[in-house]
Amino acid sequence: MKYREHMDPSIRNLSCTIQAGMKIGIVGRTGAGKSSILQVLFRLSDCSEGKLIIDGVDIKDIGLHLLRKNIAYIPQTPFLIQGSIRENLDPFGEYDDEQIEKTLIEVQLYDHIIKNSSKGLDTLLSENNNVLSVGQKQLLCLARAIIRNTKILVLDEATANVDLQTDNFIQEKLKSSFKNCTVLIIAHRLATVIDSDRILVMDGGFGREFDHPFKLLANADTDETITKTDESGETGFFAKMVKATGKETAQQLFDIAKSKYE
């Protein structure tokens, strides 16, 4: 994929298959091509070569509205419209109050809203009020994804600006509320993706590695050390990233990956 005809490709020769219901972590340094994948997925930029196929359908063959309606997206910075809490969760009036309230309870926001506002679901959200903190606004975005119940969920550094407690809560909700959903998570924080079914490591626009995190860290028969190497004998991309977190953190990440593999 190229952003402009005269530019070098931002994604090069990327090929992978994601099974339905998988949780996929996408990692890599800044400029590695992680966000470019989302550009193609939402058709903000089309492939200059190749195809992106969902359930056997080339996404170029369906309308943009249908495509984007079926993918829930949680960005790094909470995206809220100038309107009520109800309108932010249900801008097209598709759900009743009971469904909206149930979803807000699920993300632990309902009690806070009732306690801190006399207007409840009709509370207006704007940059000028402080009804919700940054973390709570991100939980509202999570609630928006839950109520839509799409089969694909994308998180783009969604927990980068929230505290560890909110991050952990979001991770637990991903396991419970989206267990039948295909989840793509772009993240710098490796702890966020270490329990994924697969890790896609991007580097220079190439998909360098794509496998279970434990298999990227060690061979199954030598699983007590983070020594996974590529075909040239060099330490793998993901293994290097984990090692760079420090000995103690690297061991914790390795232990989590191993437990999920077993």
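β1, α1 (34–41), β2 (53–54), α2 (64–69) and β8 each put at least two residues into the lining of the largest pocket. That's a handy place to start looking around this predicted model. The biggest contributor is α1, which gives three residues. The pocket has a volume of about 1,300 Å³, and 42 residues line it. If you want to centre your view, go for Cys16, Leu41, Leu52, Ile53 and Ile54, which lie nearest the middle. By class, the lining comes out as 25 nonpolar, 11 polar and six charged residues.

Now for the runner-up. The second largest pocket has a volume of about 810 Å³. It has 29 lining residues, and those closest to its centre are Arg68, Ile71, Tyr73, Arg144 and Arg148. Two or more residues apiece come from α1, α2, β4, α3 and α6 (134–148), with α6 giving the largest share, four residues. The class split here is 15 nonpolar, six polar and eight charged. Notice that α1 and α2 turn up in both lists: they each supply at least two residues to the largest pocket and two or more to the second largest.

There's also an enclosed space to find. The structure holds one cavity of 30 Å³ or more, with a volume of about 40 Å³. Its lining includes Val40, Arg43, Asp46, Leu52 and Lys60. Leu52 should ring a bell, since it is also among the residues nearest the centre of the largest pocket. Charged residues account for five of the cavity lining, alongside four nonpolar and two polar ones.

Next, the sheet. Six strands line up in the order β4-β7-β8-β1-β9-β10, forming an open sheet with mixed pairing. At the edges sit β4 (71–74) and β10 (206–211), each of which pairs on one side only. From one strand to the next, the twist averages 15 degrees. Zoom in on the β4 end and you'll see β4 running parallel to strand β7 (residues 152–156), with four bridges joining the two. Ile71 stands opposite Ile152 in β7, and Ile71 is one of the residues closest to the centre of the second largest pocket.

Finally, the charges. Side chains of opposite charge can pair when their charged atoms come close. A search of the whole structure turns up eight salt bridges. One of them joins Asp195 to Lys23, with the closest N and O atoms 2.8 Å apart. That pair reaches across the chain: Asp195 is in the loop between β8 (182–186) and β9 (198–203), while Lys23 is in strand β1 (residues 23–27), 172 residues away. Are these two partners buried or exposed? Asp195 has a relative accessible area of 16%, so it counts as buried, and Lys23 is buried too, at 11%.

Asp195 has another partner, Lys175, with the closest N and O atoms 3.6 Å apart. Lys175 sits in helix α7 (residues 164–177), 20 residues from Asp195, and is partly exposed at 38%. Put together with Glu172, the residues Lys23, Lys175 and Asp195 are linked in a network of salt bridges.

For another pair, look at Asp97 and Arg86, where the closest N and O atoms are 2.2 Å apart. This bridge links helix α4 (residues 97–106), home of Asp97, with helix α3 (residues 85–89), which holds Arg86. Asp97 is partly exposed at 34%, as is Arg86 at 24%.

Terms used: Residues numbered from 1 in each chain as written. Predicted model: local features only at pLDDT ≥ 70, side-chain atom pairs only at ≥ 80, totals over all residues. Heavy atoms only, no water. 1 Å grid on protein atoms, 1.4 Å probe; cavity = no way out; pocket = protein on both sides within 12 Å on 5 of 7 lines; lining within 4 Å. Points joined across faces, edges and corners; volume = space filled by probe spheres on them. Nonpolar A, V, L, I, M, F, W, Y, C, P; charged D, E, K, R; others polar. Salt bridge = Lys/Arg side-chain N within 4 Å of Asp/Glu carboxyl O. Buried < 20%, exposed > 50% of the residue type's maximum accessible area, 1.4 Å probe, protein only. Pairing = 2+ DSSP bridges. Axes fitted to C-alpha atoms, helices over the stretch in contact; angles between N-to-C directions.
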